[in-house]
Amino acid sequence: MNTSTSPFNRVVIAGGGTAGWMMAALMSKLLGKRLDIKLVESEEIGTVGVGEATIPALHTFHNLLGINEAEFMAATNATFKLGIAFEGWKDIAQDYFHSFGSTGNDHWSAGFQHFWLKGRAEGLAKTYTDYNPETVAAYANRFAHLPRSGLNYAYHLDAGRYAKYLRVMSESYGVQRIEGKIAAVLMDGPQGKDGDITALKMQDGTRIDGDLFIDCTGFRAMLIGEALGVGYEDWSHWLPCDRAVAVQTASVREAWPYTRSICHPFGWQWRIPLQHRVGNGLVYSSKELSDADAPEVLKKNVEGELLIQPRVLKFTPGQRHKVWERNCIAVGLASGFIEPLESTSIHLIQRTAIRLMQLFPTGGINPADVAEFNLQCERELIHIRDFIILHYHVTERSDSSLWNHVRTMEVPATLKHRIEMFRESGRVFRPSDELFAENSWVQVMMGQGLIPQSYHPVADLMGKQELSNFLGDIHTKVSRTVAGLPSHQAYVEQLCAPYRNATTAQLAATPLLRA
């Protein structure tokens with residue numbers, strides 16, 4: 001491992017797509033003046049390109065890059081996302097909504113769910129999500145920017161256009177894109193292996209030397225896995241869905257401001273509305289649905305004309321044993337993959353990029369930094385893993401062997417503890433650095449059918465009339481706020497209109513990356 005203090009400024013990013021160009025954009029924006037950054041990709045190699053739904057944390061990444069929101073949305077045909085509608089997840093024909101933002105008003109000692117639970121027992125409370133402005137706005141197909149972050153939101157975006165948008169930005173900061181396929185990964189150990197990576201050898205014989213290598217080669221993990229031999233931890237015993245099939249369709253209705261997650265006996269289906277089309281897909285277990293049948297099942301469950309033919313993606317849920325090994329860092333699918341249920345794939349790319357900026361090896365690699373980097377990556381992914389398993393495990397569905405398995409399986413101890421605590425007391429405690437906030441856990445657990453047996457005694461300090469007024473005032477405020485919002489479709493069109501022609505022309509000057 002290179003631990004010297006010699007110059008350490010040649011960065012080679014292997015692979016483009018969302019992962020490669022997000023990494024290139026942030027690195028070149030913050031450190032481009034002192035780094036030589038090259039990105040290697042081939043237009044002949046398609047990227048996965050189905051990660052079209054995001055979470056609000058993407059705002060942090062865009063703020064670091066100084067991105068103009070309206071320009072970005074026009075360039076990527078993006079729409080707003082207020083949360084996810086989970087259709088049929090609790091049981092067949094029983095739906096709920098996982099929104100961004102907060103529900104009701106918390107007390108310092110207890111979350112809003114405790115006051116709602118008391119109100120429910122007293123016959124005073126409406127549906128829990130009626131106290132959440134994002135949920136009410138989503139189902140009303142309304143949206144607008146409000147003062148003081150009045151609505152928390154993310155985006156639906158065209159992943160191919162997003163990579164292209166970031167490519168234009170990265171190249172303006174000096175990133176050099178190299179077209180071609182990687183033939184070999186060269187190393188400095190005995191017989192050219194078991195050491196640090198020294199260069200990538202291209203099929204045309206070109207050698208691309210570097211100090212630090214970023215593996216964005218997708219599921220293949222050509223550098224971190226094939227060359228450096230870092231193993232992979234399989235989580236499919238908890239997350240049995242191991243396939244996805246995706247297709248794009250023409251829009252037949254106005255874009256709605258949320259992701260639809262529709263449950264099936266074999267897995268689930270997504271519908272993601274963009275300005276110009278809809279992204280559709282199935283995530284399924286190959287034990288429940290064959291790869292030959294999946295595309296036909298998807299075609300029968302979409303609206304609008306097919307714009308591309310369906311394609312099947314195979315994956316193993318899990319994580320790489322190490323994300324940073326020697327002088328190589330895995331980003332995106334090369335580092336691990338859970339599944340797209342809560343739209344965390346782009347977020348994990350973002351977090352890896354930001355983490356690398358915080359621990360960048362300026363004069364050589366420090367083993368302590370590498371250990372901390374890997375620890376943070378592992379801890380973050382385990383938190384997300386548990387949250388995804390929650391959706392499968394806490395359910396009343398029994399219509400297939402898939403749902404019977406996940407409903408009755410033994411879950412990780414960390415998740416089991418959270419479920420038992422919430423069931424008994426309605427409490428949610430989470431580490432401060434965990435992605436999903438208390439309100440997310442509450443919405444999903446109660447939405448999936450887990451209703452606490454008791455609530456915090458602080459709620460009993462309110463008399464019946466006071467509690468009725470408390471809940472009523474929150475509901476009235478939410479209703480009035482949403483009633484004053486424009487339609488989501490109209491707002492997006494108005495916001496993007498000034499940038500439509502400019503961004504289209506700018507992106508047209510760069511060949512489209514394959515979706």
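Two strands count as paired if DSSP finds at least two bridges between them. The exercises below apply to a predicted model.

**Exercise 1. Place strand β14 among its neighbours: which strands does β14 pair with, and in which sense?**

Step 1. Start with β4 (residues 83-91). It runs parallel to β14, and 4 bridges join the two. Within this pairing, F86 has S261 of β14 as its bridge partner.

Step 2. Turn to β15 (residues 267-273). β14 and β15 pair in the antiparallel sense, over 5 bridges. Here S261 stands opposite W270 of β15.

Step 3. Look at the connection. β14 and β15 form a hairpin, with 2 residues between them.

Step 4. Check burial, using the cut-off of under 20% relative accessible area. Of the 6 residues of β14 (residues 259-264), 5 are buried, so the strand is largely enclosed by the rest of the structure.

**Exercise 2. Find the edges of the open sheet of 6 strands: which strands stand there?**

Step 1. Write down the strand order. It is β7-β2-β1-β11-β20-β19, with mixed pairing.

Step 2. Read off the ends. β7 (176-179) and β19 (324-325) each have a single partner strand, so one side of each lacks a neighbour in the sheet.

Step 3. Inspect the β19 end. β19 pairs with β20 (residues 328-330) in the antiparallel sense, over 2 bridges. E325 has C328 in β20 as its bridge partner.

Step 4. Add the helix. α9 (residues 345-358) packs on the sheet and touches β11 (212-215), β19 and β20. The direction of α9 makes about 150 degrees with that of β20.

**Exercise 3. Classify the crossing of α3 and α6: at what angle do their axes cross?**

Step 1. Take the geometry. The axes of α3 (residues 69-76) and α6 (residues 159-172) come within 8 Å and cross at roughly 130 degrees.

Step 2. Apply the cut-offs. Angles over 145 degrees count as roughly antiparallel and 65 to 115 as roughly perpendicular, with 35 as the limit for roughly parallel; the rest are oblique. That makes α3 oblique to α6.

Step 3. List the contact. E71, F72, A75 and T76 of α3 meet R161, Y162 and Y165 of α6. These residues divide into 4 nonpolar, 1 polar and 2 charged.

**Exercise 4. Describe the setting of H62: is H62 buried or exposed?**

Step 1. Locate the residue. H62 is found in α2 (residues 58-65).

Step 2. Judge its accessibility. H62 counts as buried because its relative accessibility is 4%.

Step 3. Name its contacts. Leaving aside residues up to four places away in sequence, H62 touches I67, F72, Y155 and Y162. The side chains of H62 and Y162 are joined by a polar contact of 2.9 Å.

How values were computed. Residues numbered from 1 in each chain as written. Predicted model: local features only at pLDDT ≥ 70, side-chain atom pairs only at ≥ 80, totals over all residues. Heavy atoms only, no water. Axes fitted to C-alpha atoms, helices over the stretch in contact; angles between N-to-C directions. Contact = heavy atoms within 4.5 Å. Nonpolar A, V, L, I, M, F, W, Y, C, P; charged D, E, K, R; others polar. Buried < 20%, exposed > 50% of the residue type's maximum accessible area, 1.4 Å probe, protein only. Polar contact = N/O pair within 3.5 Å; in protein donor to acceptor, adjacent residues only side chain to side chain.
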